[in-house]
Every structure is written in C-alpha cells, then in structure tokens.
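Biologist: I have a chain on my screen and some questions about how its parts fit together. Can we go through them one at a time?

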Amino acid sequence: MSTHAKRERLLLADLLDGAGPGAPTLCEGWNTRDLAAHLVVRERRPDAAAGVLVKPLAARLARVQEEFAAKPYEELLQLFRTGPPRMSPFALKQVDEAANSFEFYVHAEDVRRARPEWTPRELDPVFADTLWSRIERGARIFGRRSPVGLVLRRPDGRTAVAHRGVPVVTVTGEPGELALFLSGRQEAARVELEGDKEAVAAAREAKLGV
C-alpha cells in the first residue's frame with residue numbers, strides 16, 4: 001500500500017474503532033457499522049461493489065453489504081485494517097494510491113464531522129496536492145449532476161472545472177474541503193461560494209459525487 005493510502009486507512013480504522021458500531025456518519029442512512037461494511041465489500045467483493053455504478057447490480061450490493069454488516073464489528077475493522085486480498089486490484093500500489101487516498105480521507109471526515117464538536121484537520125502540503133490531483137482528474141465526474149456551472153478554486157488561485165454551464169458558482173477552499181464538497185458533503189465543507197444567491201443555493205443542494 002502507498003504511504004498516503006496506508007496512513008488514511010489506519011486513521012479511518014482508528015476513527016471507526018473509537019466511535020463504535022452505532023455512531024452517526026455524514027453518509028446519509030449509514031452509521032459507522034454500515035460504513036465499515038461498505039469499505040470491506042468495496043475491496044473484497046468486486047462482484048457486488050460494482051452495484052455502486054451499475055444499477056442492475058444495486059440490489060446485490062445492498063444484500064452483500066447487509067451480510068457483512070451483520071458480522072462482529074471488530075471483525076469488520078480487522079478486515080479493513082489488513083487491506084485488500086492479494087488478488088484485488090486495490091492491492092496494486094498504483095491503484096491503492098489513486099483510489100484509496102481520496103476515498104479514505106473523505107470517509108474519515110464522514111466519521112469525524114458527524115460528531116457534535118470537531119475541528120478541521122490540517123493536511124500536509126504533499127497530501128493536499130495529492131487530493132487536488134484527484135480533484136482535477138475527477139471533477140467533471142463528481143460534478144456532472146450539478147444544476148449550475150461549478151468551478152473549484154484553491155486559495156492560491158488554481159482552478160478545476162467540475163461542471164460547465166451558467167450561472168457559474170465558484171467554490172474556494174483548501175483541497176481537503178473541496179474534496180468533501182465535491183463528494184456531496186457540501187454542508188460539512190468549509191468553503192466559500194461565489195455567485196448569485198439562487199445559484200449558490202442550488203450548488204449547496206446538488207447531488208454531487210459518484
């Protein structure tokens with residue numbers, strides 16, 4: 001596993017462990033047990049995980065995820081901590097870095113920011129750039145359902161277009177906050193939105209993410 005992905009995996013596992021199996025998350029309808037089951041199924045059951053993107057497989061995904069959620073919580077966390085099986089695509093270092101650093105960061109914040117009191121996590125510049133690279137590559141996929149034009153901007157002025165259209169809303173924030181916004185966690189992201197009032201409201205309520 002790559003450095004960032006391994007660190008984010010262990011951090012997320014610790015957060016899930018500390019929160020316990022019934023704690024809330026920012027994932028609508030999911031508690032920490034549900035999130036842990038999702039993480040394990042995603043890496044260990046690709047036949048079911050495809051249901052995230054392929055609608056005919058969604059029912060299978062839900063069924064398999066429920067089966068995993070019924071396992072002891074400690075077992076789920078151990079499966080997640082130890083990483084994917086050797087034959088999984090996620091066991092490849094390049095895939096791990098590309099897919100998991102971003103995914104695990106967002107889910108760690110799902111656990112952290114669902115608590116009554118939380119403080120923003122200060123990211124090191126290298127990891128912030130890693131998240132930004134993922135945003136640049138995937139912005140239009142994450143933002144494809146936006147009802148308004150959507151431009152993401154870092155404080156240093158670098159931008160990425162998430163959706164073309166008018167009116168345009170510009171979302172400014174650090175890469176970690178932009179990652180949350182683009183993943184559909186708009187209310188939890190500490191960002192500034194610029195644009196006309198109705199467009200800003202539409203951007204906040206849009207169903208962003210994969």
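What follows is a short exchange about salt bridges, a helix, a pocket and a core in this predicted model.

Biologist: How many salt bridges does the count come to?
Modeller: Side chains of opposite charge can pair when their charged atoms come close. The cut-off here is a Lys or Arg side-chain nitrogen within 4 Å of a carboxyl oxygen of Asp or Glu. By this rule the count is 16.

Biologist: Which residue forms a salt bridge with Glu8?
Modeller: The closest N and O atoms of the pair are 2.6 Å apart. Glu8 sits in helix H1 (residues 3-19), and its partner sits in the loop between helix H6 (93-112) and helix H7 (125-142), so the bridge ties together parts 113 residues apart in sequence. The partner is Arg121.

Biologist: Is Glu8 buried or exposed?
Modeller: The cut-off for buried is under 20% relative accessible area. Glu8 has 0% relative accessibility, so Glu8 counts as buried.

Biologist: And Arg121, is that buried or partly exposed?
Modeller: Buried needs a value under 20%, and exposed needs one over 50%. Arg121 has 22% relative accessibility, so Arg121 counts as partly exposed.

Biologist: Which residues are linked with Glu8 and Arg121 in a network of salt bridges?
Modeller: Glu8 and Arg121 form a salt bridge with each other. They also belong to a network of salt bridges. The other residues linked in this network are Arg7 and Asp124.

Biologist: Arg113 forms a salt bridge with Glu177. How many residues apart are they?
Modeller: The closest N and O atoms of Arg113 and Glu177 are 2.8 Å apart. Arg113 is in the loop between H6 and H7, while Glu177 is in helix H8 (residues 175-182). The pair links distant parts of the chain, and the separation is 64 residues.

Biologist: Which Glu forms a salt bridge with Arg113 at 2.7 Å?
Modeller: Arg113 pairs with Glu177 at 2.8 Å. The bridge at 2.7 Å has two buried residues, Arg113 and its partner. That partner is Glu109.

Biologist: How many residues of H8 are buried?
Modeller: H8 is mostly covered. Its buried residues include Glu177, Leu178, Phe181 and Leu182. After H8 comes Gly184, with a positive phi near 90°. The buried count for H8 is 8 of 8.

Biologist: Which element gives the largest share of the lining of the second largest pocket?
Modeller: This pocket holds about 160 Å³ of space. Its lining includes Arg121, Arg154, Pro175, Gly176 and Glu177. The largest share is 3 residues, and it comes from H8.

Biologist: How many charged residues are in that lining?
Modeller: The charged class takes in Asp, Glu, Lys and Arg. Among the lining residues are Arg121, Arg154, Glu174, Glu177 and Arg190. By class the lining has 5 nonpolar residues and 1 polar residue, and the charged count is 5.

Biologist: Which element gives the most to the largest nonpolar core?
Modeller: In soluble globular proteins, nonpolar side chains tend to be buried together. This core has 30 residues, and those touching the most other members include Tyr105, Ile135 and Phe181. Elements giving two or more residues include H6, strand S1 (149-153), H8 and helix H9 (197-205). The most, 6 residues, comes from H7.

Biologist: From which domains does this core draw at least three residues each?
Modeller: The core has 30 residues. It draws at least three from each of two assigned domains. These are domain 1 (2-112) and domain 2 (127-203).

Biologist: How far apart in space are Phe127 and Gly176, C-alpha to C-alpha?
Modeller: Phe127 is in helix H7. At 0% relative accessibility, Phe127 counts as buried. Gly176 is one of the buried residues of H8. The two are 49 residues apart in sequence, and their C-alpha distance is 9.0 Å.

Biologist: Is the peptide bond from Val166 to Pro167 cis or trans?
Modeller: Pro167 is in the loop between S2 and S3. Omega for this bond is near -5°. The bond is cis.

Notes:
Residues numbered from 1 in each chain as written. Predicted model: local features only at pLDDT ≥ 70, side-chain atom pairs only at ≥ 80, totals over all residues. Heavy atoms only, no water. Helix = DSSP H or I, 4+ residues; strand = E, 2+ residues; numbered from the N terminus. Buried < 20%, exposed > 50% of the residue type's maximum accessible area, 1.4 Å probe, protein only. 1 Å grid on protein atoms, 1.4 Å probe; cavity = no way out; pocket = protein on both sides within 12 Å on 5 of 7 lines; lining within 4 Å. Points joined across faces, edges and corners; volume = space filled by probe spheres on them. Core = buried A, V, L, I, M, F, W, Y, C linked by side-chain atoms within 4.5 Å. Domains from an automatic or database assignment.
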